[in-house]
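Biologist: Could you walk me through the reasoning behind the labels you put on a model? I would like each one set against its cut-off.

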Amino acid sequence: IVEIGESSLCELPNLESVKLPDNLKYIGEYAFGSLSCLEGVTIPVGVKEIGASAFAKCTALKKVVIKSDDVKIGRGAFLRCKNLEKFVQSKNLKRLTIGYSAFEGCSKLKSFKFPDKLYISGHAFYGSGLTSVSLPAGVRMSGSTGCFAFCKNLKKVVFRNGKAKLEIPRSAFKGCTALETVVLPKSAKSVNISVRVFYNCK
């Protein structure tokens with residue numbers, strides 16, 4: 001099996017665990033969507049893309065392990081997985097692409113590893129439980145609004161040193177009412193902060 005097709009397993013409401021084959025390359029849209037009993041999943045090293053809403057609204061999902069060093073997480077892939085606590089990634093993670101609303105509403109997700117090559121779409125972590133984030137100076141968020149908006153527990157944001165141009169898009173941290181510390185890179189070529197990036201951060 002190299003591909004799990006669209007909506008292929010979403011009609012197994014009592015599925016608690018699944019072992020994915022090592023030669024798997026792609027997980028299709030809504031493949032496991034809305035499974036209320038699935039508690040954990042390990043995604044093999046060969047998987048380069050997780051389709052849109054692949055695990056959306058899996059309300060029992062607590063832990064996800066991704067072994068790939070280069071992966072694209074599709075739009076809403078883990079949307080409203082309200083009990084997701086651990087998202088474990090490869091130690092060799094090199095590049096990560098995170099789609100729109102991929103982790104929106106994951107209120108128990110407190111930490112997340114961001115590699116040096118990072119692409120984030122709008123609302124990616126909207127309303128998640130992140131307490132701190134460390135982002136590369138070259139993070140691509142251009143045009144992506146509200147990436148970390150309304151993360152009510154977010155206290156610290158660090159942009160790591162690097163020679164890239166840093167662009168922080170509109171409303172990126174809007175409504176992060178616990179935010180206390182923001183560290184900008186000293187070595188960046190330039191820093192462009194858009195409008196309302198920290199709007200309503202009391």
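Modeller: Happily, starting with a pair of side chains: Lys48 forms a salt bridge with Asp69. The model is predicted, so local features need pLDDT of at least 70 and side-chain atom pairs count only at pLDDT 80 or more, while totals for chains, interfaces and linings use all residues. Residues are numbered from 1 along each chain as its sequence is written, and side-chain values use heavy atoms, with hydrogens and water left out.

Biologist: What makes Lys48 and Asp69 a salt bridge?

Modeller: The term asks for a side-chain nitrogen of Lys or Arg within 4 Å of a carboxyl oxygen of Asp or Glu. The closest N and O atoms of Lys48 and Asp69 are 3.7 Å apart, so the pair meets the definition. Lys48 lies in the loop between β3 (40-43) and β4 (49-50), and Asp69 in the loop between β5 (63-66) and β6 (70-73), so the pair ties together parts that are 21 residues apart in sequence. Strands here are DSSP runs of E with at least two residues, numbered from the N terminus.

Biologist: Why is Lys48 called partly exposed?

Modeller: Buried means under 20% relative accessible area, exposed over 50%, and partly exposed in between (1.4 Å probe, protein chains only). Lys48 has 43%, so it is partly exposed. Asp69, with 25%, is also partly exposed.

Biologist: How many salt bridges does a search of the whole structure find?

Modeller: The search finds 3. One of them joins Arg95 and Asp70 at 2.8 Å, N to O. Arg95 lies in strand β8 (residues 95-98) and Asp70 in strand β6, so this pair ties together parts 25 residues apart in sequence. Another joins Arg160 and Asp116 at 3.0 Å, N to O. Arg160 sits in the loop between β11 (156-159) and β12 (165-168), and Asp116 in the loop between β8 and β9, so parts 44 residues apart in sequence are tied together.

Biologist: What makes Asp116 exposed, and Arg160 partly exposed?

Modeller: Asp116 has 59% relative accessibility, so it counts as exposed. Arg160 has 23%, so it counts as partly exposed.

Biologist: How do you know whether Ser68 is buried or exposed?

Modeller: Its relative accessible area is 1%, so Ser68 is buried. Ser68 lies in the loop between β5 and β6.

Biologist: Which backbone oxygens does the side chain of Ser68 reach?

Modeller: The side chain of Ser68 reaches the backbone oxygen of Val47 at 3.4 Å and that of Asp70 at 2.9 Å. A polar contact is a pair of N or O atoms within 3.5 Å; within protein, one must be able to donate a hydrogen and the other to accept it, and residues adjacent in sequence count only if both atoms are side-chain atoms. Ser68 also touches Pro44, Val45, Val47, Lys48, Ser90 and Leu93, not counting residues up to four places away in sequence; contact here means heavy atoms within 4.5 Å.

Biologist: Why single out the phi of His123?

Modeller: Most residues other than glycine have a negative phi. The phi of His123 is near 60°, a positive value in a residue other than glycine. His123 is found in the loop between β9 (117-120) and β10 (132-135). Arg196 also has a positive phi, near 55°, and lies in the segment after β14.

Note on methods. Helix = DSSP H or I, 4+ residues; strand = E, 2+ residues; numbered from the N terminus.
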